[in-house]
Amino acid sequence: MQRNGSKMNRRQFLITSALTGGSVISASYLSKGIAQSAPGIITSDKLRPAIPYGVATGDVTAGSAIVWSRSDRPARLILEYSLDESFRRAKRIVGPAAIETTDFTARVNLKGLPNGRQIFYRVSFQDLADSTVYSEPVTGTFRTVPKAGEDIKFVWSGDTAGQGWGINPDFGGMKLYETMRQLQPDFFVHSGDTIYADNP
């Protein structure tokens with residue numbers, strides 16, 4: 001191998017080849033308009049708003065519901081909702097800012113929802129200091145009130161476990177909860193006591 005009239009060692013050859021090859025590839029991409037900007041920067045999770053308490057739904061009626069959440073810093077609530085769990089044809093609402101005076105909480109009053117339907121939603125927060133930074137989304141679901149005359153299903157439980165009862169692998173665990181889930185209730189009322197702390 002020769003380099004400017006002198007011998008080129010293997011290391012020099014590899015470095016030169018790599019630089020030349022990289023220049024050719026870059027020129028090729030640029031000529032095709034492919035590499036017109038720097039690669040995207042991945043935002044660290046520490047720099048993104050977080051949703052430490054998840055999401056909650058309340059005041060559900062036949063056609064409306066309030067969706068609530070809390071950020072860990074000043075941020076704007078962004079809500080998407082759909083009648084489909086895959087979020088096809090999802091609608092997007094830019095909600096209020098969660099700031100210190102609201103304890104970084106924000107809520108959206110969803111209106112115009114259909115009766116008796118399962119609504120799927122996801123909440124994310126947009127950082128107020130940098131509008132390009134968003135939290136990871138958190139999903140939730142609820143069902144609107146059925147039309148007048150249709151049944152509303154309640155299931156109820158209490159004194160779930162304690163003193164050797166409830167969680168029993170030989171019996172198959174807490175079978176009652178699977179039975180209730182299969183009923184697809186509109187409401188589940190859990191009337192306390194998953195343990196008895198003052199008994200063995």
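Welcome to the tour! Start with the whole surface on display: the protein exposes about 14,200 Å², and carbon and sulfur atoms supply 55% of that area. Keep in mind as you look around that this is a predicted model.

**Stop 1: the whole chain**

Switch to a cartoon view. You should find two helices and eleven strands. Trace the chain along its sequence and the pattern reads β-β-α-β-β-β-β-β-β-β-β-α-β. Now colour the residues by burial: of the 200 residues, 24% count as buried. Contacts tell you how the chain folds back on itself. Among contacts between residues at least 6 apart in sequence, 63% join residues at least 24 apart.

**Stop 2: a four-stranded sheet**

Next, select strands β5, β6, β8 and β9. Together they make an open sheet in the order β6-β5-β8-β9, with antiparallel pairing. Look at the two outer strands, β6 (91-98) and β9 (138-143): each has a single partner strand, so one side of each is left without a neighbour in the sheet. Turn the sheet and look along it; the twist averages 25° from one strand to the next.

What holds paired strands side by side? Strands of a sheet pair through backbone hydrogen bonds, in either a parallel or an antiparallel way.

Zoom in on β5 (residues 75-82) and β8. How many bridges join this pair? They pair in the antiparallel sense over eight bridges. To see one matched position, select A75 and look across to β8, where D127 stands opposite.

**Stop 3: I119, on the inside**

Stay with β8, which covers residues 118-127, and select I119 within that strand. Is I119 buried or exposed? I119 has a relative accessible area of 0%, so this residue counts as buried.

Now show what surrounds I119. Leaving aside neighbours within four places in sequence, its contacts are Y81, S82, L83, L113, P114, G140, T141, F142 and T144. Pick S82 from that group: S82 and I119 are 37 residues apart along the chain, yet their C-alpha atoms are separated by 6.0 Å.

**Stop 4: a nonpolar patch on the outside**

Finally, return to the surface and select I152, F154, W156, F187 and V189. These residues form a nonpolar patch, with about 550 Å² of accessible area together. Two strands, β10 (154-157) and β11 (187-190), each supply at least two residues of the patch.

End on F154, which is found in β10. Its relative accessible area is 56%, so F154 counts as exposed, whereas I119, from the previous stop, is buried.

Key
Residues are numbered from 1 along each chain as its sequence is written. This is a predicted model: local features need pLDDT of at least 70, side-chain atom pairs count only at pLDDT 80 or more; totals for chains, interfaces and linings use all residues. Side-chain values use heavy atoms; hydrogens and water are left out. Buried means under 20% relative accessible area, exposed over 50%, partly exposed in between (1.4 Å probe, protein chains only). Contact means heavy atoms within 4.5 Å. Accessible areas come from the Shrake-Rupley method with a 1.4 Å probe; for residues, only the protein chains shown count as cover. Two strands pair if DSSP finds at least two bridges between them. Axes are lines fitted to C-alpha atoms, for helices over the stretch in contact, and angles run from 0 to 180 degrees between N-to-C directions. Patches are made of residues with over 30% relative accessible area and no salt bridge: like charges are joined within 9 Å, nonpolar side chains (Val, Leu, Ile, Met, Phe, Trp, Tyr) within 5 Å. A salt bridge is a side-chain nitrogen of Lys or Arg within 4 Å of a carboxyl oxygen of Asp or Glu.
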